[in-house]
Amino acid sequence: MTKVPYDPGSEGAKMAFDDAMSYGDYLDLGKILSAQHCRSSAHDERLFIIQHQVSELWMHLAIHELSAARNELNAGSTAHAFKMLARVSRIFEQLNNAWDVLRTMTPSDYTKFRADLGPSSGFQSHQYRQIEYILGNRNPNMLKPHAHVPATHALLAAELDRPSLYDDVITLLFTTIDGPDARPPAPQLRQPHEAQAEIQDKWQIVYENIDQYWDLYELAEKLVDLEDYFRRWRFNHVTTVERVIGFKRGTGGTGGVSYLRKMLEVVLFPELWNLRGAL
């Protein structure tokens with residue numbers, strides 16, 4: 001007896017799309033799935049390209065969420081900001097998990113197409129740089145790789161010239177505790193944020209009076225959670241690079257593993273981490 005194939009159309013599912021938007025149309029899959037332009041015949045180059053393209057898509061969403069969270073905080077809507085910051089943490093969890101796929105590529109696999117990358121490198125990701133600038137790790141020297149794309153350079157320069165998300169959080173911290181006339185420390189615009197005792201003292205007040213300052217306490221923990229995932233992503237990046245190329249120089253000219261290890265020393269919200277030992 002021949003079994004009749006199930007037809008979703010018999011239950012009302014739309015099966016013809018000559019006059020309607022399909023799933024592929026909505027997601028513009030034609031462009032996305034044709035954007036992998038391998039420059040060699042190496043089997044693993046497609047993995048390498050897709051890994052980095054997907055990472056850039058997740059970072060694009062992270063920027064969208066961080067920008068919205070900053071707007072919500074400045075508008076006094078902390079609850080909405082909490083959700084967005086929590087989502088960014090989950091985004092970095094996805095970015096972190098992706099290294100597991102890339103690590104299936106062996107050193108022998110990578111050497112078959114590494115020369116085809118030329119001087120291109122993830123070191124030059126402007127979206128990664130934008131995320132760092134938004135969060136407060138601000139190094140003006142990192143603008144230089146983007147000088148050849150004026151719009152991108154202008155975008156990053158504009159971010160350097162405005163307070164970071166963490167600067168906005170600090171303003172909220174001081175005005176909540178000391179009132180609207182409070183004078184928080186001046187934003188550290190074109191330099192990485194460095195720990196300041198007066199900021200840590202304010203956070204200590206929050207952590208010693210949780211019920212009174214619950215929103216600030218929750219906000220602080222959302223930031224710590226975000227940085228926790230961010231650090232894990234950086235650590236797995238170092239491990240993956242060392243596993244695949246050892247201590248060779250990066251394609252973009254950096255020291256490779258040695259450069260990435262320096263990035264592990266960066267602390268985005270130092271007062272919140274230093275506070276742990278003071279409580």
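Colleague: Happy to look at this with you! What makes up the accessible surface of the protein?

Modeller: The protein exposes about 15500 Å², and carbon and sulfur atoms supply 55% of it; the area comes from the Shrake-Rupley method with a 1.4 Å probe. Bear in mind that this is a predicted model, where local features need pLDDT of at least 70, side-chain atom pairs count only at pLDDT 80 or more, and totals for chains, interfaces and linings use all residues. Residues are numbered from 1 along each chain as its sequence is written, and side-chain values use heavy atoms, without hydrogens and water.

Colleague: How many helices and strands does the protein have?

Modeller: Twelve helices and zero strands. They are DSSP runs, numbered from the N terminus: H or I of at least four residues for a helix, E of at least two for a strand.

Colleague: What share of the residues counts as buried?

Modeller: Of 279 residues, 41% do, which means that their relative accessible area is under 20% (exposed is over 50%, partly exposed in between; 1.4 Å probe, protein chains only).

Colleague: And which residues touch the most other members of the largest nonpolar core?

Modeller: Leu66, Tyr166, Trp203 and Leu272, in a core of 67 residues. Helix 10 (residues 214-245) gives the most to this core, with 13 residues. The name fits because a nonpolar core is a set of buried Ala, Val, Leu, Ile, Met, Phe, Trp, Tyr and Cys residues joined through side-chain atoms within 4.5 Å.

Colleague: What does Leu66 touch?

Modeller: Leaving aside residues up to four places away in sequence, Leu66 touches Leu85, Val88, Ile131, Ile134, Leu135, Leu165 and Leu226; contact means heavy atoms within 4.5 Å.
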